[in-house]
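Mentor: Look over the model first. We will then take it in short questions.

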Amino acid sequence: MPEDHEKCDRFIAALTPLCPPPGTVRTVRWAAAEEALGTALPTDYKRLVETYGGGVFAGTIWLLEPDCPDPMYDLVAQTAERDEILADLWAAGEKKPGEIEEGGVRLVPWGYVEGAGHFLYWLVRPGAEPEEWTIVLNEGRGPLWEAHPASCSQFLLDVVAGTSTSYYFADIDDMVDPEDRYRFMPTSRFPA
């Protein structure tokens, strides 16, 4: 585990000069959030939220956080909502990704892509430690999914730095306003 902590610290340390954090963030009740979700959360995600809080990176990726006053960006509220939405889509015949067909696998959203409606999830497999979870992106207006064996901070760093292998973030400069490219805007600064 110490190697995992060093890795997440390395990605966050590389992200902060590119996208400076706001300085003050809300205190998160991690035990309550994990109890509500029924699972532990990755240390990388916790450190990211403790550094930035919830908000939007590069004008496009919203980092969900527990206890956010706006349910659209609250980790626990979005987990419940996305569970319902995905269950309805799959009941209506949309094909599930093969990885989700395995017994006991669930998706927990951690991010939302502004405008496009894509959701970023952790693929939570039974017996897998949170640091081992894969990130999966589900396109917002279609059935396509893509997997990324990365942590939240690594995924965000790759997007902000313009080195992402994601089809959906291949050319970040065409997606975001140049003024927003290296900006993090906390949820607390948006009007409720």
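Mentor: Contact means that heavy atoms lie within 4.5 Å of each other. The model is predicted, so local features need a pLDDT of at least 70 and side-chain atom pairs count only at pLDDT 80 or more, while totals for chains, interfaces and linings use all residues. Residues are numbered from 1 along each chain as its sequence is written, and side-chain values use heavy atoms, with hydrogens and water left out.

Trainee: Leaving aside neighbours within four places in sequence, which residues is I172 in contact with?

Mentor: I172 sits in helix 7 (residues 172-175); helices (H or I, at least four residues) and strands (E, at least two) are DSSP runs, numbered from the N terminus. Its relative accessible area is 3%, so I172 is buried (buried is under 20% relative accessible area, exposed over 50% and partly exposed in between, with a 1.4 Å probe and protein chains only). Beyond its sequence neighbours within four places, I172 touches T60, V159, G162 and R181.

Trainee: How far apart in space are I172 and L89, C-alpha to C-alpha?

Mentor: The pair is separated by 83 residues in sequence. From C-alpha to C-alpha, the distance between I172 and L89 is 29 Å.

Trainee: Is S166 buried or exposed?

Mentor: S166 is placed in the loop between helix 6 (152-161) and helix 7. Apart from neighbours within four places in sequence, S166 contacts L137, E146 and H148. Its relative accessibility is 1%, and therefore S166 counts as buried.

Trainee: What is the angle at which helix 2 and helix 4 pack?

Mentor: Two packed helices are described by the angle between their axes and the distance between the axes. Axes are lines fitted to C-alpha atoms, for helices over the stretch in contact, and angles run from 0 to 180 degrees between N-to-C directions. For helix 2 (residues 30-37) and helix 4 (residues 75-91), the axes are 10 Å apart and the angle is about 5 degrees.

Trainee: How are helix 2 and helix 4 oriented to each other?

Mentor: Angles under 35 degrees count as roughly parallel, over 145 as roughly antiparallel, 65 to 115 as roughly perpendicular and the rest as oblique. With an angle of about 5 degrees, helix 2 and helix 4 are therefore roughly parallel.

Trainee: By class, which residues make up the contact of helix 2 with helix 4?

Mentor: In helix 2, A33, A36 and L37 meet L75, V76 and T79 of helix 4. Ala, Val, Leu, Ile, Met, Phe, Trp, Tyr, Cys and Pro count as nonpolar, Asp, Glu, Lys and Arg as charged, and the others, Gly among them, as polar. By class, the contact has 5 nonpolar, 1 polar and no charged residues.

Trainee: How many salt bridges does a search of the whole structure find?

Mentor: A salt bridge is a side-chain nitrogen of Lys or Arg within 4 Å of a carboxyl oxygen of Asp or Glu. By that criterion, the search of the whole structure gives 5.

Trainee: Which side chain does R26 meet in a salt bridge?

Mentor: R26 is in the loop between helix 1 (2-18) and helix 2, and its partner, 39 residues away, is in the loop between strand 2 (61-63) and helix 4. R26 is partly exposed at 31% relative accessible area, while the partner is buried at 2%. The N to O distance is 2.6 Å, and the partner is E65.

Trainee: What is the N to O distance in the salt bridge of R29 and D67?

Mentor: R29 and D67 are 38 residues apart, R29 in the loop between helix 1 and helix 2, D67 in the loop between strand 2 and helix 4. R29 is exposed at 52% relative accessibility, whereas D67 is partly exposed at 31%. Between the side chains of R29 and D67, N to O, the distance is 3.1 Å.

Trainee: With which residue does K46 form a salt bridge?

Mentor: K46 lies in helix 3 (residues 43-52) and the partner in helix 2, so the pair ties together parts 12 residues apart in sequence. The partner is buried at 17% relative accessibility. The closest N and O atoms are 2.8 Å apart, and the partner is E34.

Trainee: How far from E139 is the nearest side chain of opposite charge?

Mentor: E139 lies in the loop between strand 5 (134-138) and strand 6 (145-148), and touches H118, L144 and Y168, not counting residues up to four places away in sequence. Lys and Arg count as positive and Asp and Glu as negative, with His and the chain ends not counted. E139 is buried and has no salt bridge; the nearest side chain of opposite charge is R141, at 8.6 Å.

Trainee: What value is phi of A58 near?

Mentor: Most residues other than glycine have a negative phi. A58 is in the loop between strand 1 (55-57) and strand 2, buried at 1% relative accessible area. Its phi is positive, near 55 degrees.
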